Amino acid sequence: MAKAPKTAIEPTREQDYPEWFQQVIKAAELAELSPVRGCMVIKPWGYALWENIQQVLDRMFKETGHVNAYFPLFIPMSYLEKEAEHVEGFAKECAVVTHHRLEPSPDGGLQPAGKLEEPLIVRPTSETIIGEMFSRWVQSYRDLPILINQWANVVRWEMRTRMFLRTAEFLWQEGHTAHATEAEAREETETMLKVYADFAENWMAMPVIQGEKTEGERFPGAVATYCIEAMMQDRKALQAGTSHFLGQNFAKAQKIQYLSDQGEETYAWTTSWGVSTRLIGAMIMTHSDDDGLVLPPKLAPKHVVILPIYKDDSREAILNYCNEIAEALRKQLFANRTIEVEIDDRDLRGGEKVWQHIKKGVPIRLEIGPRDMEKDAVFMGRRDKGPKEKQTLSRSDFIDQAVSILEEMQDNLYQRALEFREDNTKTIEDKETFKAYFTPKNKKKPEIHGGFARAYYVDDPELETFLKELKVTIRCLPFEEETKPGRCFFTGKETSQVAIFAKAY
RNA sequence: CGGAGCGUAGCUCAGCUUGGCUAGAGCGCUGCGUUCGGGACGCAGAGGUCGUAGGUUCAAAUCCUAUCGCUCCGACCA
């Protein structure tokens, strides 16, 4: 008899965090590498998560006055050239289309033919093409604001890729808005950041820190970039969403101008904001454990899986009993959806089946056999508890409590993640402590170390070098900080500016 | 683009140094049987132009040359 591993995922988080992450994705059947370098195939279980993310965010966008539209995948190269900083930021990672036809090649294969007059780039983001359209749509102050979102794929030709966190092609949502006044555009930027924070915390059960990016980390061409930053279980930071105040930079480059109510030709103020399939990576690394994926119930594709256990003679009765429970659950609402129930009647050994669902992160498992049926009960396992911590509940109690159990799990996940972040956030006042905090004991194979460092900070060229050596970045200048002044941990200068430092993805 | 490594069954890999049986194992897959309330076991089976193209040789997965691809580590990034 083969020994079952102690944990469903090997290696464990402690042993090798990056490898654990890959193995969770594999075991949960979220995605796999594709034949195309740097690209991944998102499998049904992973895509269902994305669909749930989309559904919730889409509603939030619409509630804040936005509408969806779709702009082309291909952008004329000259469009990108219009905004200098933007070019600099994205040029290196653009895929370029230079031909529009294939013809037989001498070696029997195919070769590109029909060279394009002007190369097209595959959008790395759509500010330029959308700006071009905005400039056509905006003539009067009465045409503003324009509040648009698009769900799309984008391509950034990255050197190094990691599933869900950084792939050459990824799915995302990009909001683009144009406003008559600076104040309104700034407010939009803040509103959308809050939408992201709300989504992260209340739907993904992932606590985030909201703040502003420093100049070096800003979106190319933006006046200000705001972000939500989350802590993963290896204590590294992950930027989970960004919102940019673009000022009039893009409006000037793309001539988005209008006649004001004073009859003056005026440039609009624009914003853009986005989240991507990276959120799935964030979700995995925030909640999952050494037995696989753990999903926040509000976003789980399935809430409950029922595993019937029967012999041939009891099959029909058990399945009927399971169906009754499933039907009762499906009538209930949880997080704006009916409870999603699957009865897994596949011809597989029970244990094997149970573990598959554990690895996929289904919140509630019900094992139902003759003993349970006799007692009019269910035998329940919860994904936020150990795989062996299971309990018997009467059928009616379970059905009555299902929604509150899911809610409780959602809260537990959030609390657990929040505590983890707080336990691994340290206020630092001097250089030596800072350095020690971010230096692993084992240089060759760094163990999980560090965390978030909260420190007073004054920009300084030497600080940048110092941080670079430690591979630490300034994640953000957080909002909601006390404003009493202190001393910069590095320069010793007095300031009231606090920053969050961390190693990051 | 720099550094390292790897291409042999669906997956993970052994075999290569020292060329030579019919190219192997584990997992997975198919069938049958025993099992089934915690990751099963037995038996039988399917599955490979050894990345590709040249070369050396009586003989190449193995040696040589070229080429393609991928993974990992750096510089860059949501």
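Student: Where is Asp 376 found?
Tutor: Asp 376 is in the loop between helix 11 and strand 20 (377–382). Helices (H or I, at least four residues) and strands (E, at least two) are DSSP runs, numbered from the N terminus.

Student: Okay, and what am I looking at overall?
Tutor: This is a predicted model, where local features need pLDDT of at least 70 and side-chain atom pairs count only at pLDDT 80 or more, while totals for chains, interfaces and linings use all residues. Residues are numbered from 1 along each chain as its sequence is written, chains are lettered from A and ligands numbered from 1 in the order in which they are written, and side-chain values use heavy atoms, with hydrogens and water left out.

Student: Back to Asp 376. What is its phi?
Tutor: Phi of Asp 376 is near 55°, a positive value in a residue other than glycine.

Student: Is Asp 376 buried or exposed?
Tutor: In between: Asp 376 counts as partly exposed because its relative accessibility is 35%. Buried means under 20% relative accessible area, exposed over 50%, and partly exposed in between (1.4 Å probe, protein chains only).

Student: What about Asn 336, what's its phi?
Tutor: About 65°, so to speak on the positive side, although Asn 336 is not a glycine. Asn 336 is in the loop between strand 16 (333–334) and strand 17 (337–338). With 54% relative accessibility, Asn 336 counts as exposed.

Student: Switching to the RNA. Which residues come nearest to strand B?
Tutor: Arg 160, Arg 166, Arg 278, Asp 372 and Lys 390 come nearest, out of 35 residues around RNA strand B. Sugar and phosphate make up 38% of the atoms of RNA strand B that come within 4 Å of the protein. A residue is near a molecule or strand if one of its heavy atoms lies within 4 Å of it.

Student: How far is the side chain of Arg 160 from a phosphate oxygen?
Tutor: An N or O atom in the side chain of Arg 160 is 2.4 Å from a phosphate oxygen of RNA strand B. For Lys 468, a polar side-chain atom lies 3.2 Å from a phosphate oxygen of RNA strand B, and for Arg 37 the value is 3.3 Å. A polar contact is a pair of N or O atoms within 3.5 Å; within protein, one must be able to donate a hydrogen and the other to accept it, and residues adjacent in sequence count only if both atoms are side-chain atoms.

Student: Which elements give two or more residues to that surface?
Tutor: Helix 10 (350–360) and helix 11 (370–375). Helix 10 gives the most, with five residues.

Student: Last topic, sheets. In what order do strands 4, 5 and 6 come?
Tutor: The order is 4-6-5, in an open sheet of three strands with antiparallel pairing. Strand 4 (74–76) and strand 5 (96–104) are the edge strands, each pairing on one side only. Two strands pair if DSSP finds at least two bridges between them.

Student: How many bridges join strand 5 to strand 6?
Tutor: Seven, and strand 6 covers residues 110–122. One of the partners there is Leu 120, which is bridged to Val 97.

Student: And which strands is strand 9 joined to?
Tutor: Four bridges join strand 9 to strand 10 (residues 224–231), antiparallel. Two bridges join strand 9 to strand 24 (residues 473–478), also antiparallel. Ile 209 has Glu 229 as its bridge partner in strand 10, and Glu 212 has Leu 477 in strand 24.
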